Each structure stands twice: as C-alpha cells, then as structure tokens.
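Got the viewer open and a selection box ready? Here is a walk through the model, one stop at a time.

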Amino acid sequence: MSFDYEHTFQFPFGERYQHRVIPYAKIEQEAPMGPGLYSWHFRLPRNEQDLERVPAFLQALFHSGSIAAEVTGNLRQKYRGELPLQTNAFDQGLSAALAPAFFAIAYPLYIGISRGLRGRLGCHKEQLEAAKTQHLYEPGPGDTTDDEAESRNFGQRLGAVFRKAEFLDTSSLFIKCVAYQQAGSGTEPYEVWLEQVMVDIAAAERTCNTLFHPVFGRR
C-alpha cells in the first residue's frame, strides 16, 4: 500500500496551498531535502492499552508549567511570583470524537525552520530517541540557530517527557512541513536564492511561534 504525504488545497480566486504531513516513522524517507518551515504534533493512539495511559501522558506533554507574574496594587504595592497552571484539559478522559479533532486541529509541539528539512528533522528524531530512554544533558536557553545545538535542545526536551511519563511509543508523533523550491530554471545561484528565502521563512516562523505558542517554543 502506498501513501501520499503531500496535500494540496485549491480555493477560489486562484489560491493554492501545499504542505506535507509525515508520520514519525517516515521522516528519513519522506521529509523534503530543501529549506522550509515545519511543526511537530501528536495524534491519539488507537490501541486500547495506550488509550488507557494516554491522558496522563498528554497532561505531561501539554502542561505549560507555571508562569512568572507581577501585579501592581493600590499604593504602589507590587506582587511577584510563580503561578502554576490549575487546569487539566484531559481530566474528563478522552471522548470518541477527540481523536479526529485532535489530528485535524493539531496544536503544535514545536515550530522550526531549516535549510535542509530532512537533515534537521532526522537530528530531532535521533536526539529524541536517545533522550526518551536515558537522562541527557539539556542545553540552556538562548540558542535559536539552525544547528546541532538547537536540534538537541528540542529533541532532548521532548524525549524527556516520554521518559518521565514512561510512555515510550513515539509512533503517534507526526510532522507538518512547508517546503520551498527555487522557481523556474533558477536564474540566480542557489546559495543566493537560499539566503533570500531563509529570511522570508524566518519571518514566517517568528509570526507562527508568536501566534500559535507551541508547547516547546524557542527559548
């Protein structure tokens, strides 16, 4: 059985949108080679055994921890501290209607960009697989470049969630990516085009991270 991971949508007035949805197991074969923007997601497992354990894992995966807050009151009084999250989105269990909705809406775990999507996603996967079974050093905040350190940062953080929750099945992860290709015959050198398109992709990434606030946002 063959699968088509490329999805194209035609809308009125000449609008055309195209992106690829890739299962975790197919990253090495199906991720585009060139530059683009990508996002990581999680879909609900289908087998009964995992469904019994998945609410607690989802809470660990999507839990945002606490936020630092500062409040100003009367007479210049100020209050500052950590506010822990009090809401559990999965405390009512998983309804039968949730699985397709969860996949369709697909809240992002992470949004990133790369000059070479297949290599970058492969690095994420390699680090995730290592981190889900052993404790690894996690780099500190601040590195947002498209390099090995950035990949290790996300891969280890996501892998640590799987390890701590003792939920080691990563097959429910999937990736969406929008790839970019040099138009036409490529009248300008590829490296020149690549530098230009990465500026546009970086601006799109910043907007998407700001609007959609992924679970593992850049720090």
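Start by selecting Lys-125 and Tyr-24: the charged end of Lys-125 sits over the ring of Tyr-24, 4.7 Å from the ring centre. Keep in mind throughout that you are looking at a predicted model.

**Around Tyr-24**

Leave Tyr-24 selected and add Tyr-38, Trp-40, Tyr-110, Phe-154 and Phe-216; together these residues form one aromatic cluster.

Now go back to Lys-125 and show the helix it belongs to. Lys-125 is one of the buried residues of α4, along with Leu-117, Arg-120, Leu-121, His-124, Gln-127, Leu-128 and Ala-131. Colour those and look along the helix axis. An α-helix has 3.6 residues a turn, so residues three or four places apart point the same way.

Does the length of α4 add up, and what should you expect between its ends? What span do 15 residues give at 1.5 Å a residue? Helix α4 covers residues 117-131 and should span 21 Å, and its end C-alpha atoms are 21 Å apart, so the two values agree.

**The whole chain**

Zoom out and switch to cartoon. You should find 6 helices and 7 strands in the protein chain. Traced from the N terminus, the order is β-β-α-β-α-β-β-α-β-α-α-β-α. Colour by accessibility next: 35% of the 219 residues count as buried.

**Strand β3**

Select residues 36-42. This is strand β3, and 7 of its 7 residues are buried. Which residues cover each side of β3? On one side you have Gly-36, Tyr-38, Trp-40 and Phe-42, and on the other Leu-37, Ser-39 and His-41, all of them buried. Tyr-38 and Trp-40 are familiar from the aromatic cluster.

Bring in the partner strands. β3 pairs with β6 in the antiparallel sense over 5 bridges, and Ser-39 stands opposite Ile-111 in β6. With β7, β3 also pairs in the antiparallel sense, over 7 bridges; here, select Gly-36 and Ala-179 to see them opposite each other.

**A pocket lined by β3**

Stay with β3 and turn on a pocket surface. Rolling a probe the size of a water molecule over the atoms shows where empty space is left. The second largest pocket holds about 370 Å³ of space. Its lining takes in 17 residues, and those nearest its centre are Leu-37, Ser-39, Lys-176, Cys-208 and Phe-212. β3, α3, β7 and α6 (190-212) each give two or more residues to that lining. Which element gives the largest share? That is β3, with 4 residues.

**Aromatic pairs**

Select the Phe, Tyr and Trp rings; the count of aromatic pairs comes to 15. One of them is Phe-11 with Tyr-17, edge-to-face, at 5.9 Å centre to centre and 70° between the planes. Phe-11 is partly exposed, at 44% relative accessibility, and Tyr-17 is partly exposed at 44% as well.

Then jump to Phe-57 and Phe-167. This pair is stacked, 4.4 Å centre to centre with 15° between the planes. Phe-57 lies in helix α2 (residues 48-62) and Phe-167 in the loop between α5 (148-165) and β7 (173-179), so the pair ties together parts that are 110 residues apart in sequence. Buried or exposed, this Phe-57? Buried, with a relative accessible area of 1%. Phe-167 is buried too, at 2%.

**Backbone oddities in the loops**

Two loop stops are worth a Ramachandran plot. Phe-13 sits in the loop between β1 (6-10) and β2 (16-23). Its phi is near 65°, a positive value in a residue other than glycine. With 85% relative accessibility, Phe-13 counts as exposed.

Next, select Ala-106, in the loop between α3 (98-105) and β6 (110-114). Phi of Ala-106 is near 50°, again positive in a residue other than glycine. Ala-106, though, is buried, with a relative accessible area of 7%.

**Last stop**

Finish at Ala-25, in the loop between β2 and α1 (27-30). At 56% relative accessibility, Ala-25 counts as exposed. Draw a distance from its C-alpha to that of Ser-172: Ala-25 and Ser-172 are 9.3 Å apart in space, while 147 residues apart in sequence.

Notes:
Residues are numbered from 1 along each chain as its sequence is written. This is a predicted model: local features need pLDDT of at least 70, side-chain atom pairs count only at pLDDT 80 or more; totals for chains, interfaces and linings use all residues. Side-chain values use heavy atoms; hydrogens and water are left out. The expected span of a helix is 1.5 Å times one less than its number of residues. Buried means under 20% relative accessible area, exposed over 50%, partly exposed in between (1.4 Å probe, protein chains only). Rings of Phe, Tyr and Trp (its six-membered ring) pair if their centres lie within 6.5 Å; planes under 30 degrees apart count as stacked, over 60 as edge-to-face and the rest as tilted. A charge sits over a ring if NZ of Lys or CZ of Arg is within 6 Å of the ring centre and within 35 degrees of the ring normal. Two strands pair if DSSP finds at least two bridges between them. On a 1 Å grid over the protein atoms alone, a cavity is a set of points where a 1.4 Å probe fits but cannot get out, and a pocket is an open set with protein on both sides within 12 Å along at least five of seven lines; lining residues have an atom within 4 Å of a point. Grid points are joined across faces, edges and corners, and a volume is the space filled by probe spheres set on the points.
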